[in-house]
Amino acid sequence: MHSNKRNELLQQLPTPLMFKQRGDSSYCLNTAFLSLFGISPDSKKGSEPTDFRFYDPLTKNELTGEKCPYQALEKGDVASTWVRLQTPERSLHCFINGSTITDNGTQWLVFHIDANNRVTANNGNDSAGAQRHIEFNQLLTKFSSKLINASAQDLDVIIAQSLAAFGEFCDVDRCYLFEFSDDFALMSNTHEWVAAGVNPYIDELQNMPTKEMPYLIGHIEHGLFKVDDVSNIPDSAIAEREEFQKENICSILCSRIMADGKTHGFIGCDITGSPYTWSASDIEYLKRIGDMLGNTLQNIYNRKAIHTMQQELIEANRQLQKLANIDGLTGIANRRLFNSTLDKDLAQSCRKQDALSLLLIDVDFFKLYNDQYGHVAGDSVLQKVAQTLADSCVGTDDLVARYGGEEFAVILPSTTTDRAKDIANRIVENVKGLGIEHEASPHDGLLTVSIGIATQEDNCDENCVELIDKADKALYRAKSTGRGRVCA
Ligand SMILES: Nc1nc2c(ncn2[C@@H]2O[C@H](COP(=O)(O)OP(=O)(O)OP(=O)(O)O)[C@@H](O)[C@H]2O)c(=O)[nH]1
């Protein structure tokens, strides 16, 4: 066949083709190719291979050198592979199949382009469309289950994966998530996926005032923003039109995301290069992905709210627990905490075969003090004595408690009688050292305390009641032998 005839035939074939004679510098693009890539037949009769770029769809790296399908075919190698074929107008996910045809001594290098994703997307009624719906549902199921179990930390990664999977499935150039903040005043592009060879814009789309994009936002509030051809956006929405054109967007589709009963943001996708008519399937798919993300965000909100509530309850319980164990006047442990601690410490010292000492401390002539100086001054004395006891007991496991009225108790784990006597004498000195005037006191007219000591040695002989009773008897001896002293 004559080479011009061959050329004409290839031009008319319904399959998208790039072809050239070996030795020619330019590739020809047939009509089917031009229409698939949205290229005007007037503007492209032939094209330099450099006008086209091939990208590895997985790594997003440009295929050059030996891996470039042109060069492989020129060299006589097989050139059948999945690529992202980018023209100045459009990039598409394609299966390309290169072959060399020899005709009357002329060699033709022909690339057959199979990019039927979008074609089938337009029609969900035929079997290819039905198959596509099934694939979409599988995709959605896969990511829903990933998202439903996602922790807040994993969420970003899984959202990014969902956008990439959806972007590739629908063969768009960009797919992204915008979230509103500051009570709807700002919006930010939080996640973005771009196809190979397409410029990302996420960094430039942060904290954008929503009031500057009323056309877009108005549509989002009603659920959907669909523009087949950005150049048809009316002049009244010039801000949006210019922004989209700056990003080389020709068609844009965005669907609102609801969470917590409010518009949380939107998911969107772009076609760059030349306009595309969004199909009913495109819209349905985007809405369903948006709903899935909305449900996930709602789930995360709920989990956060429950977590906050739990933390508040734990804190409230901690405060209650504290209040239930603290003496209101002196701020030290109360009788309740004393009882439970003595129980626990005594059992532990018994297990460890360790000594434990108990001090019972009583303010001397306190009735007379109250009578002479008043009840309010008496309260203040009790606070000072409590503080002095706390300051005098330096063991980390010691417990200083108000036992009742003007009586205090100190539990001293791992403490023998001799050591307890030292501590008790120090307390007597420190209280006297406070220099609280008490005219009726025989001890230099100063307020004093008496202390009784009981010790459980390492033999587990005593229980709590017996130990307290022993300390009480020792306290009685201290009182009856002159007060302001220690008895064991
Ligand atoms: N200000 C004040 N007084 C209290 C408080 N609790 C108990 N008291 C007083 O402490 C006094 C204890 O008196 P008594 O048991 O007779 O003992 P005492 O006067 O200290 O005499 P001895 O213990 O024998 O040295 C009583 O007058 C109680 O009213 C309190 O919380 N604040």
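This is a short tour of a ligand site and one helix beside it in a predicted model.

**Stop 1: the ligand.** Select the ligand and the residues around it. The shell holds 16 residues. Phe365, Phe366, Lys367, Asp379 and Arg402 are the closest. Colour the shell by class: eight residues are charged, four are polar and four are nonpolar.

**Stop 2: polar contacts.** Show the side chain of Asp362. One of its N or O atoms sits 2.9 Å from a ligand oxygen. Move to Phe365 and show its backbone. There, an N or O atom is 2.8 Å from an oxygen atom of the ligand. Next, pick His375. A polar atom of its backbone lies 3.2 Å from a ligand nitrogen. Now turn on the surface. On its own the ligand has 660 Å² of accessible area, and the protein covers 67% of that.

**Stop 3: the elements around the ligand.** Select strand S14 (356-363), helix H11 (366-373) and helix H12 (375-392). Each gives two or more residues to the shell. Which element gives the largest share? H12 does, with four residues.

**Stop 4: helix H12.** Put a distance between its end C-alpha atoms: 25 Å. Its 18 residues, at 1.5 Å a residue, should span 26 Å, so the two values agree.

Now select Gly378, Val381, Leu382, Val385, Ala386, Thr388, Leu389 and Ser392. These residues of H12 are buried. Look down the helix axis. The buried residues fall within an arc of 165 degrees, so they line one face of H12. An α-helix has 3.6 residues a turn, so residues three or four places apart point the same way.

Finish on the face turned away from the buried side. Val376 and Asp391 are exposed there.

Methods
Residues are numbered from 1 along each chain as its sequence is written. This is a predicted model: local features need pLDDT of at least 70, side-chain atom pairs count only at pLDDT 80 or more; totals for chains, interfaces and linings use all residues. Side-chain values use heavy atoms; hydrogens and water are left out. A residue is near a molecule or strand if one of its heavy atoms lies within 4 Å of it. A polar contact is a pair of N or O atoms within 3.5 Å; within protein, one must be able to donate a hydrogen and the other to accept it, and residues adjacent in sequence count only if both atoms are side-chain atoms. Accessible areas come from the Shrake-Rupley method with a 1.4 Å probe; for residues, only the protein chains shown count as cover. Ala, Val, Leu, Ile, Met, Phe, Trp, Tyr, Cys and Pro count as nonpolar, Asp, Glu, Lys and Arg as charged, and the others, Gly among them, as polar. The expected span of a helix is 1.5 Å times one less than its number of residues. Buried means under 20% relative accessible area, exposed over 50%, partly exposed in between (1.4 Å probe, protein chains only). The arc is that of the directions from the helix axis to the C-beta atoms.
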